[in-house]
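Okay, thanks for making room for me in the schedule. Let me get the picture up on the screen and then I'll walk you through it.

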Amino acid sequence: MFAVIKTGGKQYKVVEEDVVRIEKLDAKTGSKIAFENVLMVGDSTSSTFGTPLVEGASVAGTVMEQGRDDKILVFKRKRRQGYRRLKGHRQHVTLVKITNIITNNKKTSPSEEKASAKDKPVGKVAAKKKKATTKKTSSNKKSAAKKPASGDVIKE
Amino acid sequence: MARVKRGVTKHARHKKVVDRAKGARGRQKNTFRAAKQRVDKNLQYAYRDRRRKKRIFRGLWIQRINAASREHGMTYSQFVNGIKKAGIEIDRKVLADLAVREPLTFKALAEQAQAALL
């Protein structure tokens, strides 16, 4: 069972229990994330391709760590002009552990049954992106302006 | 009392550069003067190639997708046209990965692409 999700301008093929290193998301360590941009879900027998997104599918994950990548030295130089620039750069990254892949609101990982069942009624934080899915419009209440509390599910 | 040798700061400054030139050829890995030039050039190459890397990998993915789609009787160009018409927006990085690791999924994709072209 795997899914292809899109976040931070990139697409990732993920399997449950995977830890993916993605562009920074605004979320606290330990908080839960729901990736709504699922491009496909597949396993050894069948696969569903989204056009472009798979309807009703989402991938749940937990933030393991908020960190920064290894340092990159950005060095520019023009010969004979005395132009030199040296700058360090560390990209912000979020390590996310994929907990389960949900298709049509049906859970696939029994081990996560309890955790995600508990999360369901919690008010969900509106995503920055305006990908209108049916589920989102129903749960997108007053929490738009609020800061994500640790119990909330952050949609991406 | 132990004798104090001078040039500690300079030595440390030079060492920083020479250490970074580790693995270079000839004098470039041992002497400050040559190492400094090597390190500057290497950093310039690194900057350039971080950008090139993106193009090179895209090229590699395209080759892989091409090979895989030809196994299903389509050229790369037809395949990409097909999945675009089918509304699938999976990028070339993931497509190449699927082509290699999930041949069955790729086959399903190829069928979708074929259907969308008709």
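I'll go from the overall layout of chain A to one strand, then to salt bridges, a charged patch and some backbone details.

Before anything else, please keep in mind that this is a predicted model.

So, chain A. The secondary structure here comes to two helices and 11 strands. If you read from the N terminus, the order of elements is β-β-β-β-β-β-β-β-β-β-α-α-β. Chain A has 156 residues, and 39% of them count as buried.

Let me zoom in on one strand, β5 of chain A, residues 38-42. Is this strand buried or exposed? Five of its five residues are buried, so the rest of the structure largely encloses β5(A). Who are the partners? One is strand β1 of chain A, residues 2-7, which pairs with β5(A) in the antiparallel sense over four bridges. If you want to find that pairing on the screen, look for A:Ile5, which stands opposite A:Val38 in β5(A). Another partner is β6(A), again antiparallel, this time over three bridges. Here the pair to look for is A:Gly42, opposite A:Ser47 in β6(A). β5(A) and β6(A) make a hairpin, with four residues between them.

Okay, on to charges. How many salt bridges does a search of the whole structure find? Over all chains, the count is 11. As a quick reminder, side chains of opposite charge can pair when their charged atoms come close.

I'll show you a few of them. A:Lys10 and A:Glu23 meet through their side chains, at 2.8 Å from N to O. That pair links distant parts of the chain: A:Lys10 sits in strand β2 of chain A and A:Glu23 in strand β3 of chain A, 13 residues apart. Why does A:Lys10 count as partly exposed? Because its relative accessible area is 33%, and the cut-offs put partly exposed between 20% and 50%. A:Glu23 counts as partly exposed too, at 22% relative accessibility.

Next, one that involves chain B. A:Lys13 and B:Glu102 form a salt bridge at 3.3 Å, N to O. A:Lys13 is in strand β2 of chain A, while B:Glu102 is in the loop between α4 (92-101) and α5 (103-117) of chain B, so this pair joins two chains. A:Lys13 is partly exposed, with a relative accessible area of 22%. And there's a network here: salt bridges link A:Lys13, B:Asp97, B:Arg101 and B:Glu102.

One more bridge, because I'll come back to one of its residues: A:Lys97 with A:Glu17, where the closest N and O atoms are 3.8 Å apart. Along the chain these two are 80 residues apart, with A:Lys97 in strand β10 (residues 92-102) of chain A and A:Glu17 in the loop between β2 and β3 of chain A. A:Lys97 counts as partly exposed, at 27% relative accessibility.

Now the surface. There's a positive patch, formed by A:Lys76, A:Lys78, A:Arg85, A:Lys87, B:Arg51, B:Lys53 and B:Lys54. The elements giving two or more residues to the patch are β8 (72-78) and β9 (83-89) of chain A, plus α2 (32-71) of chain B. Which element gives the largest share? That's α2(B), with three residues. On the chain A side, A:Arg85 lies in strand β9 and is partly exposed, at 47% relative accessible area.

Last stop, the backbone. Where is the cis peptide bond I want to show you? A:Thr51 and A:Pro52 are joined by it, with omega at about -10°. A:Pro52 is in the loop between β6 (47-49) and β7 (58-68) of chain A.

Then there's phi. A:Glu17, from the bridge with A:Lys97, has a phi near 80°, a positive value in a residue other than glycine. A:Arg80 also has a positive phi, near 65°, and isn't glycine either. You'll find A:Arg80 in the loop between β8 and β9 of chain A. Is A:Arg80 buried or exposed? Exposed, at 72% relative accessibility.

That's it from me. Happy to rotate the view if anybody wants another look.

Notes:
Residues are numbered from 1 along each chain as its sequence is written. Chains are lettered from A and ligands numbered from 1 in the order in which they are written. This is a predicted model: local features need pLDDT of at least 70, side-chain atom pairs count only at pLDDT 80 or more; totals for chains, interfaces and linings use all residues. Side-chain values use heavy atoms; hydrogens and water are left out. Patches are made of residues with over 30% relative accessible area and no salt bridge: like charges are joined within 9 Å, nonpolar side chains (Val, Leu, Ile, Met, Phe, Trp, Tyr) within 5 Å. Accessible areas come from the Shrake-Rupley method with a 1.4 Å probe; for residues, only the protein chains shown count as cover. A salt bridge is a side-chain nitrogen of Lys or Arg within 4 Å of a carboxyl oxygen of Asp or Glu. Lys and Arg count as positive and Asp and Glu as negative; His and the chain ends are not counted. The place of a charge is taken as NZ of Lys, CZ of Arg, CG of Asp or CD of Glu. Buried means under 20% relative accessible area, exposed over 50%, partly exposed in between (1.4 Å probe, protein chains only). Two strands pair if DSSP finds at least two bridges between them.
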